[in-house]
Amino acid sequence: MVKTLFLVASLLLLGNVSFLHASFQASIIEDLAKIVMNNYCSPEKLVGMKEDIAAATSNTEVLDIPDGGLLADVLSNGVQTTVSDPRLTVSYEPNYIPAVHPEMPPLPPDQLVTILQSSIKLDILEGNIGYLRIDHIIGEEVAEKVGALLVDLVWNKILPTSALIFDLRYTGSGDISGIPYIISYFTEAEPVIHIDSIYDRPSNTTTKLMSMSTLLGERYSVTKPLIVLTSKNTKGISEDVAYCFQNLKRATIVGEKTAGGSVKVDKLKVGDTDFYVTLPTAKSINPITGSTWELTGVTPDVEVGAEDALATAIRIINLRVQVPGIIEASASLIANNYAFESVGADVAEKLRELLANGEFSSVVSKESLETKLSADLKTLSGDKSLQTATNTPALPPMEFSPEMYIELIKISFHTDVFENNIGYLRFDMFGDFEEVKPIAQIIVEHIWNKVVNTNALIIDLRNNLGGPTTAIAGFCSYFFDGDKEILLDKLYDRSSGTTTELRTLDELTGARYGYKKSLIILTSKATAGAAEEFVYIMKKLGRAMIIGETTTGGSHPPKVFPVGESNIFLSIPTVHSETSAGPAWEGVGITPHIPAAAEAALDVAKGILNKHLGGQQ
């Protein structure tokens, strides 16, 4: 590694400058290497360094630079490149005086608090939202001396708030020992949790940072929203605080990606020279991720410019204030309207449990709430139609000419006549009765009349995703004789408490196919909704043979309900088929008479009909 480092440095120099004599001690390279090797926080990056030191010390070209500042820059570049860490720097400072951290001044605690308050900003925003900005994170020593006063003057003003915005956008300094103090005020007293681990390279020790069971002040309720603001200037200890909060799932981080600094940086003298190396000598290892935020920084949950972070946080909190009401209203709508009462009650109860368990505490926008709510409803119910929805206004009716209708119908339907006069009809969506009624004659003339006189018919619903069920009774009627009315199904609408009987119609626009000719319906796992209702009726009444795959097991077309005043809408299936003889098709699908892969179903059907019709000739 060192060999590579100084080879790079030498090449950089020798390409531009010629030197007559060495200006600095040859031991600089060896001393620098030893400091890095013994103090750098990630020793795993230094494998093979010992073996390279000897070779490095013989490479003296780099030392021919007469200017200490330029040599320091070259050495910095070499160290950073070799270790892939820009935090390592070499400086040349002949007049450097090591900083001595002063002891706490012998001032009364109230005066110390006055000094500390210069780095603290407190405010109570509209909606009882607390705002706390801390530019320096104090450590254990300071906390023991002034903690009680800070609790009284600052913390007790925060406690009654409904939510807190913790602003770390300007926090660039702090003490490691202050991390547990901050985190503990936002976690439960018991059990004590492992917050972080700090590995110290010089001592080769690891210290576990644990939450504190006893604090000077009351804890901030874990159910209250906590938003942490960050920026590219958030550095060091404050990054660790943000990262701990994020991985404990106690706070939402809003703002910019942080600096990617270090929990501890030391400046060490290189031998008996005026060169110094600044490097991270300790690192954070998060017990949850097994990783660290150092170098890479903390990536926010909601990434926005630092200047927009506060406004974004306020919007998130205002949304979260509404969440309990939205979930409760959603649960009530489902309990009171879902087609199957027991399922609706169970989903509503479990939805309330999710809310109580804090499952919705991390939503950051209306869109994220809708996405989560939809996913939870589908999981809890097993019904893909129970979900959030958009309340898109219906488009105004369009005026079509007869020629346009004909072209539209040709696109929507596909017909064919196979060997032995076997008809084939495919359509991928059921239409609404009132919309189909005006063009029924066109459909009959251009579609139905092509297959009505065949010896057998294959109806292909493998790609039919459903649609309204209002035209089901009329379509079914074509496959029964008109001499008697047949009860097809009973549909119970829970939202209105009404039952609608589906019966065959006396009058049809086109000729009936009748009850006697063979009828096969093709299905797939994509066959859903109204298509399933049609298949269910035809199978239940023994009118058709079903070939293909078990259908989706969806639901009747849902209704859209507004969730209070939230501008969120729920799609709730409210109708179910007759269940007096057992479950119909909702939730379970329809099992075919002859199972077959969807792509093979047509050939299977043709084979059966050809054998049947061929034997009659």
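# Helix H8, two cysteines and two cores

Visitor: Which residue just after H8 takes a positive phi?
Guide: The structure shown here is a predicted model. Just after helix H8, a positive phi of about 55 degrees belongs to Lys249.

Visitor: How many residues of helix H8 are buried?
Guide: Helix H8 covers residues 237-247 and is mostly covered. Its buried residues run from one end to the other, with Ile237, Glu239, Tyr243, Phe245 and Asn247 among them. The count of buried residues in H8 is 11 of 11.

Visitor: Is Cys41 buried or exposed?
Guide: The cut-off for buried is under 20% relative accessible area. Because Cys41 has 0% relative accessibility, Cys41 counts as buried.

Visitor: How many disulfides does the structure hold?
Guide: A disulfide requires a pair of cysteine sulfur atoms within 2.5 Å. Cys476, like Cys41, is a buried cysteine. The number of disulfides in the structure is nonetheless 0.

Visitor: Which helix supplies the largest share of the largest nonpolar core?
Guide: This core has 43 residues, and those touching the most other members include Trp448, Leu457 and Phe534. Several elements each supply at least two residues, including helix H12 (402-412), strand S17 (456-460) and helix H16 (530-540). The largest share, 7 residues, comes from H16.

Visitor: Which tryptophan is in contact with Leu457?
Guide: Neighbours within four places in sequence are left aside here. The contacts of Leu457 then include Gly423, Tyr424, Phe479 and Tyr513. The tryptophan in contact with Leu457 is Trp448.

Visitor: How many residues does the second core have?
Guide: This second core is separate and includes Leu159, Ile198, Leu226 and Val263. Its number of residues is 38.

Note on methods:
Residues are numbered from 1 along each chain as its sequence is written. This is a predicted model: local features need pLDDT of at least 70, side-chain atom pairs count only at pLDDT 80 or more; totals for chains, interfaces and linings use all residues. Side-chain values use heavy atoms; hydrogens and water are left out. Buried means under 20% relative accessible area, exposed over 50%, partly exposed in between (1.4 Å probe, protein chains only). Helices (H or I, at least four residues) and strands (E, at least two) are DSSP runs, numbered from the N terminus. A nonpolar core is a set of buried Ala, Val, Leu, Ile, Met, Phe, Trp, Tyr and Cys residues joined through side-chain atoms within 4.5 Å. Contact means heavy atoms within 4.5 Å.
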